[in-house]
Amino acid sequence: MKDMLVRLMDLPDVTSDVERLRTTENIVFRKPIAAEKRILVNWVTKAFSANWGDEMDVAFNRIPVSCFIAQRNQDILGFACFECSARNFFGPTGVLSSERGKGLGKVLLVKALDALKEMGYAYAIIGGVGPIEYYEKTVHAKVIEGSGKSIYENLLKRNT
């Protein structure tokens, strides 16, 4: 998988998406707090992978926490982390399959990238990208040539 580069000065405005999802789907986007760490690490591990759960754990070692979540009432629907695997890296990110296609992923992506922009970065790296076309379309990201060998190349994996 390759890495991508995204210019943070040209991020789309997701204000209307946030409002639409709040009013029609009762979905809230926010940064979690320390008291929610175990719940979120366990959820990401169960819904996606143990490796991603570990990265969510790292997000809670930052102040403020370096991730956003989407929730409906007490249900977690999706997440987006940043600066977990490496400085200026976006990811991991995921949305429950039952909630895909509504725009949650786009909002989480843009909120996380905007947080990197607020940290002073002009560009961000999206690491180990699966859906290249999605990132090209959504935030005009570009594949970084020669990035097939990334920090994830020799990643140890575990099931739980």
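Which residues of helix α3 (residues 50–59) are buried?

**Figure 1. Buried face of helix α3 in the predicted model.** The buried residues of this helix are A50, N51, G53, E55, M56 and A59. They pack against one helix, α2 (37–47), and against the strands β3 (67–72), β4 (75–82) and β5 (89–95).

**Figure 2. The largest nonpolar core.** This core comprises 30 residues, of which V6, L113, I126 and V139 touch the most other members. At least two residues each are supplied by β1 (2–7), β3, β4, β5, α4 (104–118), β6 (123–129) and α5 (132–139). Helix α4 provides the largest share, nine residues.

**Figure 3. Surroundings of I126.** Leaving aside residues up to four places away in sequence, I126 touches K2, D3, M4, V6, F90, Y135, V139 and A141. Two of these partners, V6 and V139, are named with I126 among the core residues that touch the most other members.

**Figure 4. The second nonpolar core.** Separate from the largest core, this set holds 14 residues, including L40, V44, C67 and I69.

**Figure 5. The protein chain as context for the close-ups.** Five helices and seven strands make up the secondary structure elements of the chain, in the sequence order β-α-β-α-α-β-β-β-α-β-α-β. The radius of gyration is 15 Å, close to the 15 Å that the globule rule gives for 160 residues, so the chain is as compact as a globular protein of that length. Of the 160 residues, 42% count as buried. Among contacts between residues at least 6 apart in sequence, 72% join residues at least 24 apart.

Definitions and conventions. Residues are numbered from 1 along each chain as its sequence is written. This is a predicted model: local features need pLDDT of at least 70, side-chain atom pairs count only at pLDDT 80 or more; totals for chains, interfaces and linings use all residues. Side-chain values use heavy atoms; hydrogens and water are left out. Buried means under 20% relative accessible area, exposed over 50%, partly exposed in between (1.4 Å probe, protein chains only). Helices (H or I, at least four residues) and strands (E, at least two) are DSSP runs, numbered from the N terminus. Contact means heavy atoms within 4.5 Å. A nonpolar core is a set of buried Ala, Val, Leu, Ile, Met, Phe, Trp, Tyr and Cys residues joined through side-chain atoms within 4.5 Å. The radius of gyration is taken over C-alpha atoms; the globule rule is 2.2 Å times the number of residues to the power 0.38.
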